[in-house]
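Trainee: Could we go through this structure together, one question at a time?
Mentor: Gladly! Let's have a look.

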Amino acid sequence: AAMTHAFVDNNEGESRGKFKIRDSHKFMGLGFDKNGNLNYKKVLAQVRVKLEAYLKEKRMSETISEEQKIRAAELQLCQIFNMQVPAHVDPTIKRRAFTIAARTNLERVNKDVEALLETVGAYPPKKYGENVGCFGVLWEAGQRQCGICSIEESCRERAANIGLDKDDVRLSRKLLGASMTRTPLILPKIEPVPEDASQIDASSLVVYCSVDRDQEILDFLNESMVPVIYEGEIFYKLPAKGQKRIFCVGQPERIMKLRFCNPSDKLKSELVAFGHGPMWGVPDDMSLEDVTTLINEHIANQLK
């Protein structure tokens with residue numbers, strides 16, 4: 001900045017010879033005027049420009065770093081499953097390709113491979129006895145087993161994330177073999193809640209977890225809090241008397257859906273709203289570590 005001021009002062013740049021940078025030019029470069037008075041607005045503008053440039057560069061660096069992490073995981077999976085997935089392919093197609101590759105190569109899927117699949121947004125296959133879980137992968141419109149399944153809607157939404165909710169995308173039984181088997185989950189009919197519902201032992205009631213993350217969360221709630229029944233749903237409150245209900249996991253013998261009761265505005269920015277009210281829950285793709293952090297923050301807020 002000082003050189004620019006010196007160059008301009010030297011006959012507006014007409015001279016091609018040497019020019020001297022005086023103290024006045026240095027002061028002007030720092031935001032002072034020729035009389036030595038500080039121009040606060042100019043300095044503030046310069047700081048703002050530099051700060052914005054720094055933050056922009058930092059965001060770009062973080063984005064590139066995350067993209068590099070995902071691409072590195074993709075390349076490792078390509079090597080494990082002996083496949084090729086170019087970087088420019090649509091992310092939805094990539095997730096679908098890796099999900100199918102994992103189901104057709106079950107013997108190669110271990111804990112490390114599961115972590116790589118989750119990094120790229122694909123679904124690690126889950127084995128239940130002789131069958132491979134169908135949730136989120138084998139949903140098909142008009143399919144009889146899907147139609148009688150109690151979690152069809154959740155399965156369809158999960159399948160949409162990897163592009164398997166389209167009519168023009170069909171999985172081959174010849175390719176998938178036994179892992180193409182659909183096993184619908186049939187949940188029992190919920191009986192009306194009796195008038196003395198407050199006397200029901202909530203600890204004897206259960207909800208079903210569709211993913212391992214939710215099972216970990218449910219175990220934590222059961223170990224550290226007191227389950228209670230309210231309006232036909234299972235809520236959790238802290239052991240101390242008089243504590244309010246702070247979490248809900250839904251109706252007994254149904255798929256667990258974690259809800260935060262009366263979260264702070266700060267927490268709402270991290271949660272997702274759904275239903276009437278609205279109700280506040282966690283994103284389906286949020287990690288166990290992040291969910292646990294939000295749970296602990298919500299508990300701390302209730303104890304204030």
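Trainee: Which residues are linked with Arg-71 in a network of salt bridges?
Mentor: Keep in mind as we go that this is a predicted model. Salt bridges pair a side-chain nitrogen of Lys or Arg with a carboxyl oxygen of Asp or Glu. The network that includes Arg-71 is completed by Glu-74 and Lys-94.

Trainee: How far apart are the closest N and O atoms of Glu-74 and Arg-71?
Mentor: Start with their places in the chain: the two residues are 3 apart in helix 3, which means about one helical turn separates them. Their side chains form a salt bridge, and the cut-off for that is 4 Å. For Glu-74 and Arg-71, the closest N and O atoms are 2.7 Å apart.

Trainee: Are those two buried or partly exposed?
Mentor: The word "buried" is used under 20% relative accessible area. Arg-71 has 22%, so Arg-71 is partly exposed. Glu-74 has a relative accessible area of 5%, so Glu-74 is buried.

Trainee: What is the N to O distance between Arg-213 and Asp-214?
Mentor: Both residues are buried: Arg-213 has a relative accessible area of 13%, and Asp-214 has 8%. Their side chains meet in a salt bridge, with an N to O distance of 3.1 Å.

Trainee: How many residues apart in sequence are Lys-266 and Glu-297?
Mentor: These two form a salt bridge, with their closest N and O atoms 3.1 Å apart. Lys-266 belongs to helix 10 (residues 265–268) and Glu-297 to helix 11, so the pair ties together parts of the chain whose separation in sequence is 31 residues.

Trainee: Which of the two counts as exposed, and which as partly exposed?
Mentor: "Exposed" needs over 50% relative accessible area. Glu-297, at 23%, counts as partly exposed. Lys-266 reaches 55%, so the exposed one is Lys-266.

Trainee: How many salt bridges does the count come to?
Mentor: We have met several by name, including Glu-74 with Arg-71 and Lys-266 with Glu-297. By the 4 Å rule, the count comes to 11.

Trainee: Let's turn to the sheet. Which strands are at its edges?
Mentor: The sheet is open and has 6 strands, in the order 3-4-5-6-8-7, with antiparallel pairing. An edge strand pairs on one side only, and here these are strand 3 (226–230) and strand 7 (272–274).

Trainee: What is the bridge partner of Arg-259?
Mentor: Strand 6 (residues 259–260) pairs with strand 8 (residues 279–281) in the antiparallel sense, over 2 bridges. The partner of Arg-259 therefore has to be looked for in strand 8, and there we find Gly-281.

Trainee: What angle does helix 11 make with strand 5?
Mentor: Helix 11 (residues 288–303) packs on the sheet, where it touches strand 5 (245–250) and strand 6. Comparing the direction of helix 11 with that of strand 5 gives about 145 degrees.

Trainee: Which residues form a nonpolar patch with Leu-55?
Mentor: Leu-55 lies in helix 3 (residues 40–81). Patch members need over 30% relative accessible area, and Leu-55 is partly exposed at 35%. The patch has about 290 Å² of accessible area together, and Leu-55 shares it with Leu-51 and Tyr-54.

Trainee: How far apart are the C-alpha atoms of Met-83 and Phe-98?
Mentor: Met-83 sits in the loop between helix 3 and helix 4 (91–104). Beyond its neighbours within four places in sequence, Met-83 is in contact with Leu-77, Cys-78, Ala-97, Phe-98 and Ala-101. Met-83 and Phe-98 are 15 residues apart along the chain, and their C-alpha atoms are separated by 9.3 Å.

Note on methods:
Residues numbered from 1 in each chain as written. Predicted model: local features only at pLDDT ≥ 70, side-chain atom pairs only at ≥ 80, totals over all residues. Heavy atoms only, no water. Patch = residues over 30% accessible without salt bridge, like charges linked within 9 Å, V, L, I, M, F, W, Y side chains within 5 Å. Areas by Shrake-Rupley, 256 points an atom, 1.4 Å probe, with all protein chains shown as cover. Helix = DSSP H or I, 4+ residues; strand = E, 2+ residues; numbered from the N terminus. Buried < 20%, exposed > 50% of the residue type's maximum accessible area, 1.4 Å probe, protein only. Pairing = 2+ DSSP bridges. Contact = heavy atoms within 4.5 Å. Axes fitted to C-alpha atoms, helices over the stretch in contact; angles between N-to-C directions.
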